[in-house]
Amino acid sequence: MKFRDACALPVRRPALLLASLFGAGFLPLMPGSWGSLAALVVAWVVAGFGGASALFVGAALLFLLGWWSAGLVARASPVADPGFVVIDEAA
């Protein structure tokens, strides 16, 4: 699915960028796996610099931002369960 087919939100809308993990959800074949891989790399870097407490704060922040962005994008999307929303795999 292309950005323009995803939903009524513009491409640069922060909610769409977050919900798709900055476009990882639009990669072919397995969007959820791409989202998980992107989150794993970021988590590794965050844990390396800030330890477990930074990882916990980052996960909590990602959860809250993901809740907001996924809800907004799902309401604007023409499909019931948009596959490009992969922020839940990251959280």
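Is Trp44 buried or exposed? Select Trp44: this side chain is exposed (over 50% relative accessible area; under 20% is buried, in between is partly exposed, with a 1.4 Å probe and protein chains only), at a relative accessible area of 67%.

Residues are numbered from 1 along each chain as its sequence is written. The model is predicted, so local features need pLDDT of at least 70 and side-chain atom pairs pLDDT 80 or more, while totals for chains, interfaces and linings use all residues, and side-chain values use heavy atoms without hydrogens or water.

Next, colour by secondary structure. The protein chain has four helices and zero strands, where helices are DSSP runs of H or I with at least four residues and strands are runs of E with at least two, numbered from the N terminus. Trp44 lies in helix α3, residues 31–76.

Now select Leu27, Leu29, Met30, Trp34, Leu37, Leu40, Val41, Trp44, Val45 and Phe49. Together they form a nonpolar surface patch with about 1100 Å² of accessible area. Patch members have over 30% relative accessible area and no salt bridge (Lys or Arg side-chain nitrogen within 4 Å of an Asp or Glu carboxyl oxygen); nonpolar side chains are joined within 5 Å, like charges within 9 Å. Areas follow the Shrake-Rupley method with a 1.4 Å probe.

Then turn to the interior. The largest nonpolar core (buried nonpolar or Cys residues joined through side-chain atoms within 4.5 Å) has 14 residues, and Leu16, Leu21, Val73, Phe84, Val85 and Ile87 have the most contacts inside it. Helices α2 (14–19), α3 and α4 (87–90) each supply at least two core residues.

Finally, show the whole surface: about 5900 Å² is accessible, 72% of it on carbon and sulfur atoms. Of the 91 residues, 30% count as buried.
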